[in-house]
Amino acid sequence: MTAQTIGLSQETGTSYKPLVMAALSYLGILCFVPLMRNKDDEYVQFHAKQGLVLWMIAVLSMFVLEIPGIGKWFFGFSSMLVLVLSVAGLASVAFRRAWKLPLVGYIADRI
């Protein structure tokens, strides 16, 4: 898995509010906080959209639990995938970069 870096980055020495808002993007339903509060910050919106896609994947995977046989397996796999991608997104924020997560970044660009 390779993460594609785009031209957005947060400069060193700026306030921590955009970084906190970007980090909230990858913490489940809290992705709506940066989406609503920081509409003018392109860096925060980038992370918020990716966090929204991850949250949607997590919610949709709960519906798959009802499928007999493969439901639990698919839910476990998708939960681990969301966890790994969320940690990668948080690392992106920690390094003050905007990494496009695989598949998630593609979907987030269309939102």
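The chain exposes about 6,900 Å² of surface, and 69% of that comes from carbon and sulfur atoms. Keep in mind as you look around that this is a predicted model. Of the 111 residues in the chain, 36% are buried.

Let's start with the overall layout. The chain has 5 helices and 2 strands. Walk along from the N terminus and you meet them in the order β-α-α-α-α-β-α. Among the contacts with a separation of 6 or more, 60% join residues 24 or more positions apart.

Now for what the record says. UniProt, in an unreviewed entry, puts the feature "transmembrane region" at residues 19-36, 48-67 and 73-95. How do the spans 19-36 and 48-67 look in the model? Residues 19-36 are 61% helix and 0% strand, with the end C-alpha atoms 15 Å apart. Residues 48-67 are 80% helix, again with 0% strand, and there the end C-alpha atoms lie 30 Å apart.

Next, zoom in on helix α1, which covers residues 17-24. Which of its residues are buried? They are P18, L19, M21 and A22. These residues sit on the same side of α1, because they cover an arc of only 165 degrees around the axis. As for what they pack against, the partners of the buried α1 residues are helices α2 (32-37), α3 (42-63) and α4 (71-94).

Follow the chain onward from α1 and you come to the loop between α1 and α2, where I29 lies. Is I29 buried or exposed? With a relative accessible area of 53%, I29 is exposed, since the cut-off for that label is over 50%. I29 also belongs to a nonpolar patch on the surface, together with L27, L30, V33 and L90. Taken together, the residues of this patch have about 380 Å² of accessible area.

Helix α2 is home to L35. Here the picture turns around: L35 counts as buried because its relative accessibility is 18% and the cut-off is under 20%. What does L35 touch, once residues up to four places away in sequence are set aside? Its contacts are Q45, A48, K49 and L52. Take K49 as a case of chain folding back: L35 and K49 are 14 residues apart in sequence, yet their C-alpha atoms are 7.5 Å apart in space.

Just past α2, look for N38 in the loop between α2 and α3. Even though N38 sits in a loop, this residue is buried, with a relative accessible area of 7%. Leaving out residues up to four places away in sequence, N38 touches M21, V44 and Q45. Two of those names have come up already: M21 is one of the buried residues of α1, and Q45 is also among the contacts of L35.

To finish, let's turn to charged side chains. How many salt bridges does the structure hold? There is 1. D109 forms a salt bridge with K100, and the closest N and O atoms are 2.6 Å apart. D109 falls between buried and exposed: it is partly exposed, because its relative accessible area is 38%.

Note on methods: Residues are numbered from 1 along each chain as its sequence is written. This is a predicted model: local features need pLDDT of at least 70, side-chain atom pairs count only at pLDDT 80 or more; totals for chains, interfaces and linings use all residues. Side-chain values use heavy atoms; hydrogens and water are left out. UniProt positions are given in the numbering used here, feature names are shortened, and annotations may be inferred rather than shown by experiment. Helices (H or I, at least four residues) and strands (E, at least two) are DSSP runs, numbered from the N terminus. Buried means under 20% relative accessible area, exposed over 50%, partly exposed in between (1.4 Å probe, protein chains only). The arc is that of the directions from the helix axis to the C-beta atoms. Contact means heavy atoms within 4.5 Å. Patches are made of residues with over 30% relative accessible area and no salt bridge: like charges are joined within 9 Å, nonpolar side chains (Val, Leu, Ile, Met, Phe, Trp, Tyr) within 5 Å. Accessible areas come from the Shrake-Rupley method with a 1.4 Å probe; for residues, only the protein chains shown count as cover. A salt bridge is a side-chain nitrogen of Lys or Arg within 4 Å of a carboxyl oxygen of Asp or Glu.
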